[in-house]
Amino acid sequence: MGCLVSTPKDSGGNRRRPGNIGEVSVYVPGLRIPKSVDFFQSLGGHLSKTLVERLTALRTRIVVMAGQEAPTITRTRRKTATQHGGSTLADLHQALEDYLPVLLGLVTDGSQLQYKVQFIWVNQEDDAEETAMFNAWYEVLSVLHLMAMLLLSQANLLLLPRTSADGYQPKVSEESRRASIDIFLKAAGYLDCAVRHVLPQLPSELRRNLPVDLAEGVLRALCLQALGQGVDIQLGMAIDSTKATLAVKRRLACEMVKYWQQAQDNIMNLPLSNGWGEKHRLFIKWKYIEAKAAAYYYHGLILDEGNTEKSHGMAVAALQAADEYFKESKRACEVFNAAHPLSRNPPLWGTMKYLSEKIPKDTSSKVRINRDLYSYEKIMETAPTLPDFALALKPDEYQLPPADHSWNENVQLSHIGINQVNHDKR
């Protein structure tokens, strides 16, 4: 059950196509926007007027806010204060959190009410302009996706360097970096819940016909992207710490490679053919290459601590690989930024600011020194295998909230109504 309607991309819907999304530290592949639904027409004969009015008010608030704010949220904004003084991202996220428990009453205990309402959302990565389904689990999935995208947008704003009070190079504060890690884990938690607990509720036919924005591969890739960027922040903080050893930095860099590799594996075969989707694929490709540059660099430094000809040869090979991946990552970054919607890099900071200075310098130094000791032919032709570490960063454990208490009141009112009818019959 759950009829599907997809509107072609040339239908002239409400899809937002900004030409430029500004500075990007964290790529957000657009925000899916809900369209209005008539709960009274679908549920008026099944639920109390009060509950239908509450569902309508909560969802209408989201429709209005998302429709007004999505075009500006997807473009970089240093300030996100609304006319009411609050944060646009936080307000819309709160509206979704308020709506979700009331929405979940439609699916509680396998209720048939989940098939009564046609929910419509405007897509961003899919060729179809919008997708409509008579299934409340589709609405739950869409809400979780939007909540995660809002958090990634928030992380992007936190990780854009700002000019410091001392007037030196723009930087990201330690407070913002720590806050961004928490946000990445929370976003990953929403996406992990969507994959493990919401997608399985949809019939297999509907799952196959979901827009690519909500395809399992995209959801998993976004979850892994959040974790990969969280580890990137951890590595940058380790680089700044005098207590962090080379072994710690190598482990973080190698873990980062695995997150981005898994993200790429999940997204590479999906039909992401339009602007947002193709740019999403390019972002993951860029970050994967960048992570490999960091991992081979720290692996090379540790290998160079050995005292054998073999270890020095492997160190040089690793550092040469790091240098090649670093050059390739700069090219991948340019391709990403040139893809529509256009974007640009913020000033370099953190992990890549450090490595952009160290990788070329250390590679040149080590290769020159070791070439004096060993012939070029003795240097390994391929880079040594990176160590395989277990992934330490996990998504937050997010559970869907229980159905709102107003559903209990609706059941009680229904029983009162039934009893009244029986009394009248007597």
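With which side chain does the side chain of aspartate 232 make a polar contact? In this predicted model, the partner is the side chain of threonine 351, at 3.0 Å, a polar contact being a pair of N or O atoms within 3.5 Å of which, within protein, one must be able to donate a hydrogen and the other to accept it, with residues adjacent in sequence counted only if both atoms are side-chain atoms. Because the model is predicted, local features need pLDDT of at least 70 and side-chain atom pairs count only at pLDDT 80 or more, while totals for chains, interfaces and linings use all residues. Residues are numbered from 1 along each chain as its sequence is written, and side-chain values use heavy atoms, with hydrogens and water left out.

The protein chain contains 12 helices and 6 strands, assigned as DSSP runs numbered from the N terminus (helices, H or I, at least four residues; strands, E, at least two). Of its 426 residues, 54% count as buried; the term denotes under 20% relative accessible area, against over 50% for exposed and values in between for partly exposed (1.4 Å probe, protein chains only). Among contacts (heavy atoms within 4.5 Å) between residues at least 6 apart in sequence, 81% join residues at least 24 apart.

Helix α7 comprises 25 residues, 216-240, and spans 37 Å from its first C-alpha to its last, close to the expected 36 Å, which is calculated as 1.5 Å times one less than the number of residues. The helix is mostly covered, with 21 of its 25 residues buried. Aspartate 232 belongs to α7. This residue is buried yet lacks a salt bridge, and the nearest side chain of opposite charge, that of lysine 287, is 4.6 Å away. In assigning charge, Lys and Arg count as positive and Asp and Glu as negative, whereas His and the chain ends are not counted. With residues up to four places away in sequence disregarded, aspartate 232 touches Met256 and Thr351.

The whole structure holds 17 salt bridges, each defined by a side-chain nitrogen of Lys or Arg within 4 Å of a carboxyl oxygen of Asp or Glu. One of them joins arginine 177 to aspartate 240, with the closest N and O atoms 3.0 Å apart. Since arginine 177 lies in helix α5 (residues 174-198) and aspartate 240 in helix α7, this pair ties together parts that are 63 residues apart in sequence. Arginine 177 is buried at 10% relative accessibility, whereas aspartate 240 is exposed at 51%.

Also in α7, glutamate 216 forms a salt bridge with arginine 220, the closest N and O atoms lying 2.9 Å apart. The two are separated by about one helical turn, because they are 4 residues apart in the helix. Both are partly exposed, glutamate 216 at 30% and arginine 220 at 35%. In helix α11 (residues 350-373), lysine 353 and glutamate 357 are likewise 4 residues, or about one helical turn, apart. Their salt bridge has its closest N and O atoms at 3.3 Å. Lysine 353 is partly exposed at 29%, as is glutamate 357 at 45%. Shared salt-bridge partners link Arg207, Glu216 and Arg220 into one network.

The disulfide count is 0 under the criterion of two cysteine sulfur atoms within 2.5 Å. Cysteine 193 is buried at 1% relative accessibility, and cysteine 333 is buried at 7%.
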